[in-house]
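Trainee: I would like to go through this structure one point at a time. Please give the reasoning before each result.

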Amino acid sequence: MDPKCDPSVDDSKDDKNVDMPQESMKTSASSIQSGPKLYHDTLGNHFDQVLGEGEMISVIPNFSSFKFKERYYLPHSSIIDVNGTVWSLIIYPCGDRTPGAISLFIECLSLGSSRKAFIEAQFSLVSEEISNSEYSRCMFSDDLERHGFISDNTVTIRLTVHLLAGIDYNCFSFNANCNSKKYIGMVGLANQGATCYMNSLLQSLYHLPKLRHAVYCMPTEKDNPATGVALALQRVFFRLQTSDQEVSTTELTRSFGWDTRDAFMQHDVQEFSRVLMDNLEQKMKNTPVADTVKNLFSGATKTFVRCINVDFESSREEEYYDIQLNVKDIPTLEKSFEDYVKVEMLEGDNQYMAESHGMQDAKKGVTFISFPPVLHLQLKRFEYSFVYDDYHKINDRFEFPEHMNLDKFLESPISCPASYTLQAVLVHSGTTYGGHYTAYISPRADGRWYHFDDNFVYQVHPEQAIQDNYGSN
């Protein structure tokens with residue numbers, strides 16, 4: 001359970017959002033509204049007080065009837081009220097991203113008079129066959145039944161919530177300050193459920209001054225606030241620049257046509273980036289900032305086939321906005337670029353059919369005509385496995401420098417020099433079935449790095465931003 005709670009919640013949720021009949025789940029909830037007390041467990045080393053605690057027991061009958069990737073809210077009467085903060089349980093009985101597993105989430109329905117709340121939440125599955133037996137880690141359905149956690153096609157879930165005070169951020173392996181605007185001049189973005197990938201990308205784009213200026217210059221006076229993506233993005237950027245607290249992205253995701261379910265599903269960050277850029281390019285057409293996206297992010301490659309024994313070459317130029325680089329079994333970024341432009345020999349049974357020259361031995365490859373001012377590199381850490389008929393994540397160590405010159409990969413380096421300084425690193429922690437995105441950004445590319453983890457923003461050592469993200473040894 002992520003110890004950070006999203007305060008940007010909708011208090012107006014009603015029974016229309018419940019995806020199943022209330023009587024299909026039986027729940028009991030209890031709240032302990034005791035006054036502040038010392039907490040003597042492990043959390044006592046990091047929190048001064050427990051302001052309150054609550055517990056919910058949920059019984060799910062007919063467990064085998066639930067469908068994969070369907071989400072179910074518990075009946076509204078089963079919410080937990082802990083010192084004025086209201087919490088509910090969201091259940092994917094057959095898994096959100098992992099088929100055959102139970103996925104559980106806690107949702108804040110109301111923070112009461114508070115703006116923020118820190119909680120410790122524990123989910124556990126209760127076995128009726130084994131006395132006092134509970135299991136709080138991920139388990140697959142077969143294991144659950146074998147160990148007695150599924151009995152008569154019924155699963156019992158216990159949720160315990162402690163509302164905490166006196167947070168020590170070192171408990172979560174970082175040193176941050178709630179008022180990041182006051183101390184470092186920047187604020188974060190609230191996570192709507194699984195929008196960390198979007199938050200990380202938006203922060204990296206916001207910290208490109210030319211793009212931010214172009215976004216502000218887009219004509220949005222006649223845009224519908226409910227559907228205008230450009231207007232919603234302007235407002236997010238403006239609030240990042242002026243707000244003293246974390247910024248909500250709800251208006252932006254609504255302009256995409258997303259509902260709450262979409263906000264709880266993690267999308268592909270590269271695909272999201274391309275769709276957003278296409279939208280901005282269309283909106284900037286016939287304005288003073290037209291071609292800003294292209295001028296910032298667009299480069300060109302030339303794919304060629306060059307005959308060895310005759311004077312013949314076939315080539316095609318292509319525009320790109322990002323470069324996808326291989327990671328598997330490649331140790332460094334420079335080696336990956338070398339792999340990208342590696343020449344393939346077409347000979348023997350694989351000869352090339354050259355116009356008017358017949359079958360010829362040839363060289364096939366790609367070279368870079370130009371690199372853009374802002375170079376977006378997409379590392380291919382997710383790969384399809386034909387053996388397992390599924391995608392898996394490549395965690396190989398892959399080193400990248402803070403400064404790099406790419407002239408040697410250009411067809412004509414004199415006309416288009418390519419020296420770069422690293423400004424942002426988007427990091428995915430987890431597996432192909434789920435995980436968390438954060439961004440390390442040096443806004444001025446001056447060696448001062450900051451970690452953007454949803455609504456938290458704090459300064460880090462350059463080693464944390466670069467070397468610590470190389471991957472496994």
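Trainee: Is Lys408 buried or exposed?
Mentor: This is a predicted model, and the answer rests on relative accessible area. Exposed means over 50%. Lys408 has a relative accessible area of 52%, so Lys408 counts as exposed.

Trainee: Which residue does Lys408 meet in a salt bridge?
Mentor: Side chains of opposite charge can pair when their charged atoms come close. For the side chain of Lys408, the N to O distance in the salt bridge is 2.6 Å. The partner is partly exposed, with a relative accessible area of 37%. That partner is Glu334.

Trainee: How many residues apart in sequence are the parts that Glu334 and Lys408 tie together?
Mentor: Glu334 lies in helix α10, residues 333–340. Lys408 lies in the loop between β21 (403–405) and β22 (419–421). The pair therefore ties together parts whose separation in sequence is 74 residues.

Trainee: Helix α10 also holds Glu338 and Lys335; about how many helical turns separate them?
Mentor: Glu338 and Lys335 form a salt bridge, with the closest N and O atoms 3.7 Å apart. Glu338 is partly exposed at 28% relative accessible area, and Lys335 is partly exposed at 44%. The two residues are three apart in helix α10, so their separation is about one helical turn.

Trainee: Is Asp223 buried or exposed?
Mentor: Asp223 forms a salt bridge with Lys283, and the closest N and O atoms are 2.8 Å apart. Lys283 has 24% relative accessibility and counts as partly exposed. For Asp223 the relative accessible area is 18%, and buried means under 20%. Asp223 is therefore buried.

Trainee: Which helix holds Lys283, and how many residues apart in sequence are the parts that this pair ties together?
Mentor: Asp223 lies in the loop between α4 (209–217) and α5. Lys283 is in helix α8, so the pair ties together parts with a sequence separation of 60 residues.

Trainee: How is α5 oriented relative to α8?
Mentor: Helix α5 covers residues 229–242 and helix α8 covers residues 269–284. They pack with their axes 10 Å apart, at an angle of about 105°. That makes the orientation of α5 to α8 roughly perpendicular.

Trainee: How many nonpolar residues are in the contact of α5 with α8?
Mentor: From α5, the residues are Val229, Ala230 and Leu233. They meet Leu276, Asn279, Leu280 and Lys283 in α8. By class, one residue of the contact is polar, one is charged, and the number of nonpolar residues is five.

Trainee: How many salt bridges does a search of the whole structure find?
Mentor: Besides pairs, there is a network of salt bridges that links Lys302, Arg306, Glu313 and Glu411. A search of the whole structure gives a total of 17.

Trainee: Which strands are at the edges of the open sheet of four strands?
Mentor: The order in this sheet is β12-β11-β17-β14, and the pairing is antiparallel. From one strand to the next, the twist averages 25°. An edge strand here pairs on one side only, and the two are β12 (313–320) and β14 (344–346).

Trainee: Which residue in β12 is the bridge partner of Thr301?
Mentor: Strand β11, residues 299–307, pairs with β12 in the antiparallel sense over eight bridges. A hairpin through five residues joins β11 to β12. The bridge partner of Thr301 in β12 is Glu318.

Trainee: Which residue in β17 stands opposite Leu346?
Mentor: β14 pairs with strand β17, residues 362–370. The pairing is antiparallel and has three bridges. Opposite Leu346 in β17 stands Ala362.

Trainee: Through how many residues does a hairpin join β23 to β24?
Mentor: Strand β23 (residues 424–431) and strand β24 (residues 434–441) run antiparallel and are joined by eight bridges. Thr431 stands opposite Gly434 in β24. The number of residues in the hairpin connection is two.

Trainee: What percentage of the residues of the protein count as buried?
Mentor: The secondary structure comes to eleven helices and 26 strands. The protein has 473 residues, and the share that counts as buried is 47%.

Technical notes
Residues are numbered from 1 along each chain as its sequence is written. This is a predicted model: local features need pLDDT of at least 70, side-chain atom pairs count only at pLDDT 80 or more; totals for chains, interfaces and linings use all residues. Side-chain values use heavy atoms; hydrogens and water are left out. Two strands pair if DSSP finds at least two bridges between them. Axes are lines fitted to C-alpha atoms, for helices over the stretch in contact, and angles run from 0 to 180 degrees between N-to-C directions. Angles under 35 degrees count as roughly parallel, over 145 as roughly antiparallel, 65 to 115 as roughly perpendicular and the rest as oblique. Contact means heavy atoms within 4.5 Å. Ala, Val, Leu, Ile, Met, Phe, Trp, Tyr, Cys and Pro count as nonpolar, Asp, Glu, Lys and Arg as charged, and the others, Gly among them, as polar. A salt bridge is a side-chain nitrogen of Lys or Arg within 4 Å of a carboxyl oxygen of Asp or Glu. Buried means under 20% relative accessible area, exposed over 50%, partly exposed in between (1.4 Å probe, protein chains only).
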